[in-house]
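Q: Hi, could you walk me through this model? I'd like to go topic by topic.

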Amino acid sequence: MRKLLVMIAADLRQQVLDKSFFIFGLAVPFALMAVFNLVFAPLTEDLEPITVAVSVPDGDQLGAVVPQVLSGLDGGGMPVTVQQVDAADATSRVEEGEAGVGVVVPEGFTAGLMAGRAPEVTVRHADGTGLEADVVTGVVDGLMTQFTSGARTLAAAQALGADPAQLGQLAQEVSAGGSAVAWTPGESADEQLSPQGTIVAGQAGFFLLFTVGFGVLGLVVEREWGTLARLLSMPMPSWLVVLSKGLSSFVLGVVATAVLLTAGSLFFDVDFGSPLAVAVLLLAVVAAATSIMFLIAKVARTAEQAGVAQAIVAITLGMAGGAFFQVGGSGMLSEIMQVNPVAAMSRGLGVTSGGGGVVDLGPVLLTMLIFTAAMLTLSWLLPGRKDAL
Amino acid sequence: MTTTTAPVLDADGLARSFGSLTAVDGVTFQIRPGETYGLLGPNGAGKTTTISMIAGLLRPDAGSVTVAGVPLGDRPIEAKRHIGLVPQDLAIYPELSARDNLTYFGRLQGLSGSRLRERVGAVLETVGLTDRAKGASKKFSGGMKRRLNIGIGLLHEPRLLILDEPTVGVDPQSRHAILESVEALSTEGMAVLYTTHYMEEAERLCDRIGIIDAGSLQAEGTRDELVDLIGGTDTVTLAGTGDLEAAERALADLAAVEQVHRDRGALRLAVKGAPRAISGIVNATAGAGMTLSDVEISRPDLEAVFLHLTGKALRD
Ligand SMILES: Nc1ncnc2c1ncn2[C@@H]1O[C@H](COP(=O)(O)OP(=O)(O)OP(=O)(O)O)[C@@H](O)[C@H]1O
Ligand SMILES: [Mg+2]
């Protein structure tokens, strides 16, 4: 027990010393909340209709997300007409005043992102445009930030032979998601979250998938450092090492998410309802997110691979869970996509902000419990790289 | 029934495969207190795999390990208490200082309070890092990192210290320091298991050497026993004055002496098992009226032994 605490304390101390926990766990998600909030805040005012001319290179999977998101604004209270044009037209329409904003996604956009380069999308405003054009720019900006947050780790993929396949899969998931699901921003039918609440919950859920990596994925880092072998040679059961990493992740996840939800609700004026119910939800969702990391730690050979896998999982679950845009639609696919910590966070907070208590969270909690158990069982069953693990 | 001569380590029939590759195949050996045992073998011989099984990191497919009388398979935690492992790859936290690395692992070894502080101080002294105890270890030179890596294995004063190729990639000065501290430790009664593919290190440090190749021990013994094993001939050079011709004839009659050459003021002999034959040789020269001024024996080295046993050179 004392040794368990020694290991957890060392992990947490390490995270406090290392800035990336603060950057990826707190600062970036909070900044994104602010950006998105800025984007959605004016929705309460009357906005003028605006036409956006968007050019996307043929077959560019991530680029294709841009017009989809912008079209989504139309349903969210801002009348937007999106015209898909080629690059030259995007510029000329803005110059001739036919479109308020021109957005040009360059050739090789997806490839560039995957190679770890910062995305460069050109946004041009027509003369005399107002708040509406700023909203469009803000949305594009926010989207680029989302893409970039994964890009740092995705960059590592370049060095790894096996990964283009994995990345291709990500790209496919993104584009398949785009066609199979109608993205609609704003409030979803049965949840009580305000647009601001949706943003806060979505971002908190999405970044949780990065935060919980700081503990468990440390197993992979320590395997590379060789310190894992040393830990396993210490006079203590080997599961204690694994447990300590899990608990570190859990603590970091709970702290970061609690801070984000609190800060989010204060700054963006969101009421999530009963603190007790929110706390219970938080524990369940963080446990589920942590359990995914064990699976990654088991499969990944290197810390770089683990980072890539984590980014892929976070973006996929984030999209499916509606961290970026509310996912509408119904049926099987939609149901499956709800079995996901990001979705559970939004759905659960919807329940609590609508006045629901712990009991009303039942289905969400149960889903997360099953999810956690399934992930842990799977990672337990997978053949390990080392016997002791 | 732990007496002083009971082995600290008893490895019995250890075997381990990875898929279809048999990495270790029935390795058996023992190490007594104060004894340094060398596992000498080329890359991929199975040294690290053997050590991993002994340190409880890898489950053997067959065989058993007993450390200080405690069976590792049945009571792993208790057995591990007696083991200090120095892994082949560096196993230190780069962000932490030498002192923090030692303190952390010391706690996990179950040390605390003043005893922990005392041991950390003592180990820093042993590995010569007292002056550099504070800075992050990632800024250390390769040799300093290696020394810290070794220090962590010494913290809890284990009965058995396992060193897996501790001098690989180390500058001559650090290497010298490492070899000296290993010698000092075994004098204090620690049993040391030392793997290397450097023949000179095995010769210098180890009381007994196990030659391992392709997962099995090819031979085991002291350096002299191993050399005798291959039945190689030693070269004995006798320098002196007096009747060298008579000495030459007398020596040629000795059973152990295979050849004698006279070379100005010296006799050069090819001898089977020189350590045992040397007194007879010296007596024979005296009897023939030769006064010796210098005797030199040179034996085949472990390199030759390895070549003989495996048909390949130790270093590739
Ligand atoms: N985890 C593993 N999975 C698969 N094969 C392994 C594993 N560990 C070791 N091996 C294989 O087992 C054999 C013995 O490896 P081992 O590391 O024990 O050799 P070694 O004597 O320590 O070599 P070196 O001097 O290079 O450190 C090698 O062929 C190696 O490739
Ligand atoms: Mg090795």
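Q: Let's start with aromatics: are B:Tyr93 and B:Phe105 buried or exposed?
A: B:Tyr93 is buried, and B:Phe105 is buried too. Buried means under 20% relative accessible area, exposed over 50%, and partly exposed in between (1.4 Å probe, protein chains only). One note up front: this is a predicted model, where local features need pLDDT of at least 70 and side-chain atom pairs count only at pLDDT 80 or more, while totals for chains, interfaces and linings use all residues. Residues are numbered from 1 along each chain as its sequence is written, chains are lettered from A and ligands numbered from 1 in the order in which they are written, and side-chain values use heavy atoms, with hydrogens and water left out.

Q: How many aromatic pairs are there over all chains?
A: There are 8 over all chains. Rings of Phe, Tyr and Trp (its six-membered ring) pair if their centres lie within 6.5 Å; planes under 30 degrees apart count as stacked, over 60 as edge-to-face and the rest as tilted. B:Tyr93 and B:Phe105 are a stacked pair, 5.6 Å centre to centre with 20 degrees between the planes. B:Tyr93 sits in the loop between S6 and H3 of chain B and B:Phe105 in helix H3 of chain B, 12 residues apart. Helices (H or I, at least four residues) and strands (E, at least two) are DSSP runs, numbered from the N terminus.

Q: And which residues form one aromatic cluster?
A: A:Trp225, B:Tyr93, B:Tyr104 and B:Phe105 do.

Q: Switching to the metal: what coordinates the magnesium ion (ligand 2)?
A: B:Thr48 through OG1 and B:Gln88 through OE1, at 1.8 to 2.1 Å. B:Thr48 is in helix H1 (residues 47–54) of chain B, while B:Gln88 is in the loop between strand S6 (83–86) and helix H3 (98–108) of chain B, 40 residues apart. Donors are N, O and S atoms within 2.8 Å of the metal (3.2 Å for Na, K and Ca); water is not among the atoms, so sites may look incomplete.

Q: Why does B:Thr48 count as partly exposed?
A: Because its relative accessibility is 31%. B:Gln88 counts as partly exposed as well, at 27%.

Q: OK, the inside now. Which residues have the most contacts inside the largest nonpolar core?
A: B:Ile54, B:Leu160 and B:Leu193, in a core of 153 residues. Helix H13 (residues 275–299) of chain A gives the most to this core, with 15 residues. Such a core is a set of buried Ala, Val, Leu, Ile, Met, Phe, Trp, Tyr and Cys residues joined through side-chain atoms within 4.5 Å.

Q: What is B:Leu193 in contact with, leaving aside neighbours within four places in sequence?
A: Its partners include B:Leu9, B:Phe29, B:Ile54 and B:Leu160. Contact means heavy atoms within 4.5 Å.

Q: Last topic, sheets. In what order do the 4 strands of the open sheet in chain B come?
A: S12-S13-S11-S14, with antiparallel pairing. Strand S12 (257–263) and strand S14 (290–298) of chain B are the edges, each pairing on one side only. Two strands pair if DSSP finds at least two bridges between them.

Q: How many bridges join S11 to S13 of chain B?
A: 7, between residues 233–242 and 266–272. B:Thr237, for one, has B:Arg268 in S13(B) as its bridge partner.
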